[in-house]
Every structure is written in structure tokens, then in C-alpha cells.
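User: Hello! Please take a close look with me at where the nonpolar side chains gather in this model, and then walk me through the surroundings.

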Amino acid sequence: MEEKKGLVAEFKEFIMRGNVIDMAVGVIIGGAFGSIVSSVVDDILMPVITLITGGINFENWFIALDGGSYSTLAQAKEAGASTLNYGVFLTNVINFLIVAFCIFMMIKAVNKATSIAKKEEPVEEAPKTKVCPFCKNEIPIDAVRCGHCTSIVDPEGEKEALLASK
């Protein structure tokens with residue numbers, strides 16, 4: 001009979017798998033990377049885009065659902081109005097595209113580095129010779145008789161029978 005593992009033992013076995021730990025490290029690094037990219041977008045790119053577009057702030061692109069008119073998103077939130085924040089959504093889309101592009105470039109660099117590091121392994125050729133079991137000299141692979149000691153080297157004698165019938 002098989003013993004049932006306890007919940008704690010099963011959890012310990014699950015958590016100690018290498019792929020779970022690798023995934024956890026990836027999530028942590030991804031979170032840190034995401035905050036860096038968000039900072040690049042919010043603090044560097046969006047001010048430049050705002051400057052290029054003539055002072056338009058994407059975060060102030062919204063629709064007030066209560067019918068009121070507010071000049072900024074902060075004023076609408078202060079008034080307690082429900083808003084449809086498509087400018088914030090646009091900023092998040094830009095964040096996503098930048099993160100996706102950065103990940104693409106990193107994977108491309110890693111793939112290139114691994115392809116350079118991984119040299120083509122030489123293809124092993126089929127042997128062209130074999131060793132005579134009697135005199136231990138090297139003879140052609142398809143020989144039926146040793147050229148040195150004249151012993152028959154084909155154990156089944158099939159090739160010898162074919163040669164004799166000719």
C-alpha cells in the first residue's frame with residue numbers, strides 16, 4: 001500500500017522544485033524591471049511626448065461620467081466624479097510596449113550569445129574500419145576475410161556464402 005503524503009510534505013516537495021524557484025526569481029526581477037520601465041515612461045518619455053504634442057498631458061485625457069466639466073483628472077477625482085481614464089490607459093499601453101520591446105531585445109541578445117557559445121558539434125562519421133578478432137589488425141568494415149591472417153571475420157558467414165556462390 002502506498003502511504004499518502006501529508007499536505008506539508010507535498011507542499012515542501014512542490015516548492016523545492018527548481019522550476020518553481022526559477023519562476024519566483026523571474027517574477028521578482030520582472031516586478032523590479034517593470035518599475036524601472038514605468039519610471040522611464042513616466043519620468044522621461046511622457047514629458048518629451050507632452051512637449052512634442054504642445055503641452056498635452058495624457059493623464060488629463062478622460063471623460064467625466066457624471067456630465068460635469070473638469071480641467072484635470074485630479075479635479076474630477078476631488079469632486080468624486082466617476083471618470084473614464086483613457087489617457088492613463090494610453091500611458092499603460094505605452095509602458096507595456098516598452099517592456100515588451102525591452103524583453104524582446106534581451107531575449108534576442110541571450111539567444112545570440114548562446115548561439116555563439118554553442119559551437120556546432122562535429123558529426124561523428126560511421127566507422128570505416130574494424131578490428132580483426134583473431135590478429136587484432138585493422139581491416140575495412142565490409143571485409144569478410146582478414147587481409148593479414150586470412151581468417152573469416154564475418155561471424156554469421158553470410159558474406160562468405162555469398163562470395164563462394166559467385
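Analyst: Happy to. A word on terms before the picture: helices here are DSSP runs of H or I with at least four residues, strands are DSSP runs of E with at least two, and both are numbered from the N terminus. Read that way, the elements of the protein run α-α-β-α-β-α-β-β-α from the N terminus on, giving five helices and four strands. Please keep in mind that this is a predicted model.

Let us start with the part you asked about. The largest nonpolar core is made of six residues, namely Val-37, Val-41, Met-46, Phe-58, Ile-94 and Ile-98. Two elements give two or more residues to this core: H2 and helix H4, which covers 86-117. H2 has the largest share, with three residues. As background, nonpolar side chains tend to be buried together in soluble globular proteins.

Val-41 is a good place to stand inside this core. Setting aside residues up to four places away in sequence, Val-41 touches Met-46, Pro-47, Thr-91, Ile-94, Asn-95 and Ile-98. Among these partners, Met-46, Ile-94 and Ile-98 are themselves core members.

Further along helix H4 we come to Ile-103. Its C-alpha atom is separated by 9.8 Å from that of Phe-33, although the two residues are 70 positions apart along the chain. Ile-103 counts as partly exposed because its relative accessibility is 38%, between the 20% and 50% cut-offs.

Nonpolar side chains also gather on the outside. Phe-11, Phe-14, Ile-15, Met-16, Ile-21, Val-25 and Ile-29 make a nonpolar surface patch of about 680 Å². Helix H1 (7-15) and helix H2 (18-52) each supply at least two residues of the patch. H2 therefore takes part in both settings, since it contributes to the patch and, as one of the elements giving two or more residues, to the core with its cut-off of under 20% relative accessible area. Phe-11 belongs to helix H1, and at 52% relative accessibility it counts as exposed because the cut-off is over 50%.

How do these two regions sit in the whole? The protein exposes about 13400 Å², with carbon and sulfur atoms supplying 64% of that area. Of its 166 residues, 15% count as buried. Among contacts with a separation of 6 or more, 23% are between residues 24 or more positions apart.

Away from the core, Thr-83 shows a covered spot in a strand. Thr-83 lies in strand E2, residues 83-84, and it counts as buried because its relative accessibility of 19% falls under the 20% cut-off. Leaving out residues up to four places away in sequence, Thr-83 touches Phe-62, Ile-63, Ala-64, Leu-65, Leu-73 and Ala-76. The side chains of Thr-83 and Asn-85 are joined by a polar contact of 2.8 Å.

Next, the later strands. Lys-130 is placed in strand E3, residues 129-131, and with a relative accessible area of 23% it is partly exposed. Beyond its neighbours within four places in sequence, Lys-130 is in contact with Asn-137, Glu-138, Ile-139, Pro-140, Ile-141, Ala-143 and Val-153. A polar atom of the Lys-130 side chain lies 3.1 Å from the backbone oxygen of Ala-143. Lys-130 and Asp-142, twelve residues apart in sequence, are 8.5 Å apart from C-alpha to C-alpha.

The loops here hold two backbone details for a careful eye. Most residues other than glycine have a negative phi. Lys-136, in the loop between E3 and strand E4 (138-140), has a positive phi of about 65° although it is not a glycine. With 56% relative accessibility, Lys-136 counts as exposed. Thr-150, in the loop between E4 and helix H5 (158-164), is also not a glycine and has a positive phi near 60°.

Ser-151 lies in the loop between E4 and H5 as well. At 19% relative accessibility, Ser-151 counts as buried. Apart from residues up to four places away in sequence, Ser-151 touches Phe-134, Val-144, Arg-145 and Cys-146.

Technical notes: Residues are numbered from 1 along each chain as its sequence is written. This is a predicted model: local features need pLDDT of at least 70, side-chain atom pairs count only at pLDDT 80 or more; totals for chains, interfaces and linings use all residues. Side-chain values use heavy atoms; hydrogens and water are left out. Patches are made of residues with over 30% relative accessible area and no salt bridge: like charges are joined within 9 Å, nonpolar side chains (Val, Leu, Ile, Met, Phe, Trp, Tyr) within 5 Å. Accessible areas come from the Shrake-Rupley method with a 1.4 Å probe; for residues, only the protein chains shown count as cover. A salt bridge is a side-chain nitrogen of Lys or Arg within 4 Å of a carboxyl oxygen of Asp or Glu. Buried means under 20% relative accessible area, exposed over 50%, partly exposed in between (1.4 Å probe, protein chains only). Contact means heavy atoms within 4.5 Å. A polar contact is a pair of N or O atoms within 3.5 Å; within protein, one must be able to donate a hydrogen and the other to accept it, and residues adjacent in sequence count only if both atoms are side-chain atoms. A nonpolar core is a set of buried Ala, Val, Leu, Ile, Met, Phe, Trp, Tyr and Cys residues joined through side-chain atoms within 4.5 Å.
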